[in-house]
Every structure is written in C-alpha cells, then in structure tokens.
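Here's a quick walk through one strand and the two ligand sites around it. Have the structure open and follow along.

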Amino acid sequence: MADKTLSAEERAGRAFPVSWDQFHRDCRALTWRLNEAGPFAAIIAITRGGLVPAAIVARELGVRVIDTVGVASYDHTRQGELNVLKAISEDTLKLGSGTGKGLLIVDDLVDTGKTAQLVREMLPDAHFATVYAKPKGRPLVDTFITEVSQDTWIFFPWDTALSFAPPLRDGAA
Ligand SMILES: O=P(O)(O)OC[C@H]1O[C@H](OP(=O)(O)OP(=O)(O)O)[C@H](O)[C@@H]1O
Ligand SMILES: O=c1[nH]c(=O)c2nc[nH]c2[nH]1
Ligand SMILES: [Mg+2]
C-alpha cells in the first residue's frame, strides 16, 4: 500500500528535470502534431502549468483567442482535492458550440489524470494536449510528446533554479 505520509515527489523514484530549452523544443514538437489535428478557434490553458505551453503553442499555430481554466490540486507535491479557481468564459463556451468542438485545451502534463478528467467533462469535444504524460493519465490525452513512468517527478524550469551538484564520487545520485 502507498505510504500516504509521503508526497508524490518523495514516492517518485526518478527525477526528470526539464530546462527552458528542452521545454521550448518539446512544445514546438507538440505543435507540429497539433497542426494536423486543428484548426482551433481558441486555446484554453489549464492554469497555472498550462500557461507557458499554451503561449508557445498559440504563437506557433497563430491562435490569438486564449482563455484559462484554473484548476489546482497539488500543494507543492502533495495531491489534495481538485479546486476549480476560475471557470471557462461564456464567450469561449459559445465559440466551441457549448461542447468544445474546435477548441484546444493545453496543460503541462497529465499525472493521475484527475485534472484532465475534470476539464474534459466541461468540454467533451475539445482536443486535449499536454507536453508530458504519465501512464495513468495518458488515456485522457489526445496529443502529447513524451511519456515518463508513473514514479517519475517532472521538474519544470519555472519551479527550479541552477544549483551546485556534488560529484558522483561524493555520493551524488
Ligand atoms: O493528472 P493530475 O494528477 O491531476 O496532475 C496534473 C496537474 O497537476 C499540476 O497542476 P497543479 O494542481 O499542481 O496546479 P498548477 O498548475 O497551478 O501548478 C499540473 O500542472 C497538472 O495540471
Ligand atoms: O511539477 C510537477 N511535476 C510532476 O511530475 C507533477 N505531477 C503532478 N503535478 C506535477 N507537478
Ligand atoms: Mg496544473
């Protein structure tokens, strides 16, 4: 049984640090795939993690109508209740005929898939894209770029900073 006193990151066996360069490249690769699935009338970023990929995808696809849906469930690395902090606007709902047809939802990743499930219920016909996917969440995503194992914690560039790493022979992982 999983130890509930440990955070998701502490339970994760591996770390997958992503640099700004790598993230930009992965977002552009995602856009190549999305270009074939579009065109899209608007992009909905799941904030906050979806903001940076949505900006890059919007620039590459030439989409200028951007909305947000605010969903939070992790307090740093501990998953709690899903909270919808901001709903999708009426204008965007109309643009997608109420079901999300012709709209693109963007997030940084799917992990357990709980966030994706909730937003998919709001817009069942929208295309759902993430940059990274873990196996549990993967079935909820239409397009993604890189899959990592469920026990991997992804470190995004906006959450990290360069720091000294001790040499391997001194016990570094
Ligand atoms: O598939 P799940 O297990 O639901 O996890 C994925 C979600 O978790 C993170 O958001 P978080 O709740 O940390 O909020 P944030 O985007 O504001 O950082 C991430 O940006 C995804 O939206
Ligand atoms: O920065 C993050 N990395 C992850 O692997 C993750 N999973 C859920 N939420 C997450 N946030
Ligand atoms: Mg998020």
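Which element supplies the largest share of the shell around ligand 1? Strand β5 does, with four residues. Keep in mind as you look that this is a predicted model.

**Around ligand 1**

The shell around ligand 1 holds 17 residues, and those that come nearest are Gly49, Tyr74, Asp111, Thr112 and Thr115. Besides β5, both β3 (66-75) and α5 (114-122) each supply at least two residues of this shell. By class, the shell around ligand 1 is a mix: six nonpolar, six polar and five charged residues.

**Around ligand 2**

Ligand 2 has Tyr74, Leu109, Asp111, Trp153, Ile154, Phe156 and Asp159 around it. Five of the residues in this shell are nonpolar and two are charged, with no polar ones. If you have both ligands on screen, look for Tyr74 and Asp111: they are among the nearest residues to ligand 1, and they also belong to the surroundings of ligand 2.

**Strand β5 and its partners**

Now for the strand itself. Eight of the eight residues of β5 are buried, so the rest of the structure largely encloses this strand. β5 pairs with β2 and with β6, and here is how the two pairings look:

| Partner of β5 | Residues of partner | Bridges | Direction |
|---|---|---|---|
| β2 | 42-47 | four | parallel |
| β6 | 127-133 | six | parallel |

To find the β2 pairing on screen, start from isoleucine 43, whose bridge partner in β5 is leucine 104. For the β6 pairing, go to isoleucine 105, which stands opposite phenylalanine 128 in β6. Between β5 and β6 the chain passes through α5, and this β-α-β crossover is right-handed.

**Aspartate 108**

One residue of β5 deserves a stop of its own. Aspartate 108 sits in this strand, which spans residues 103-110, and an unreviewed UniProt entry annotates Asp108 as "binding site".

Is aspartate 108 buried or exposed? Aspartate 108 counts as buried because 23 other C-beta atoms lie within 10 Å, and the cut-off for buried is 20 or more.

What is aspartate 108 in contact with, leaving aside its neighbours within four places in sequence? The list is Gly49, Gly50, Pro53, Thr130, Val131, Tyr132 and Phe156. Some of these names have come up already: Gly49 is one of the residues nearest to ligand 1, while Phe156 is part of the surroundings of ligand 2. Thr130, Val131 and Tyr132, also in contact with aspartate 108, fall within β6 (residues 127-133).

Definitions and conventions:
Residues are numbered from 1 along each chain as its sequence is written. Chains are lettered from A and ligands numbered from 1 in the order in which they are written. This is a predicted model: local features need pLDDT of at least 70, side-chain atom pairs count only at pLDDT 80 or more; totals for chains, interfaces and linings use all residues. UniProt positions are given in the numbering used here, feature names are shortened, and annotations may be inferred rather than shown by experiment. A residue is buried if 20 or more other C-beta atoms lie within 10 Å of its own, exposed if 12 or fewer, and partly exposed in between; C-beta atoms are placed from the backbone. Two residues are in contact if their C-beta atoms, placed from the backbone, lie within 7 Å. A residue is near a molecule or strand if its C-beta atom, placed from the backbone, lies within 6 Å of it. Ala, Val, Leu, Ile, Met, Phe, Trp, Tyr, Cys and Pro count as nonpolar, Asp, Glu, Lys and Arg as charged, and the others, Gly among them, as polar. Two strands pair if DSSP finds at least two bridges between them. A crossover is right-handed if, with the strands pointing away from the viewer, the path from the first strand over the helix to the second runs clockwise.
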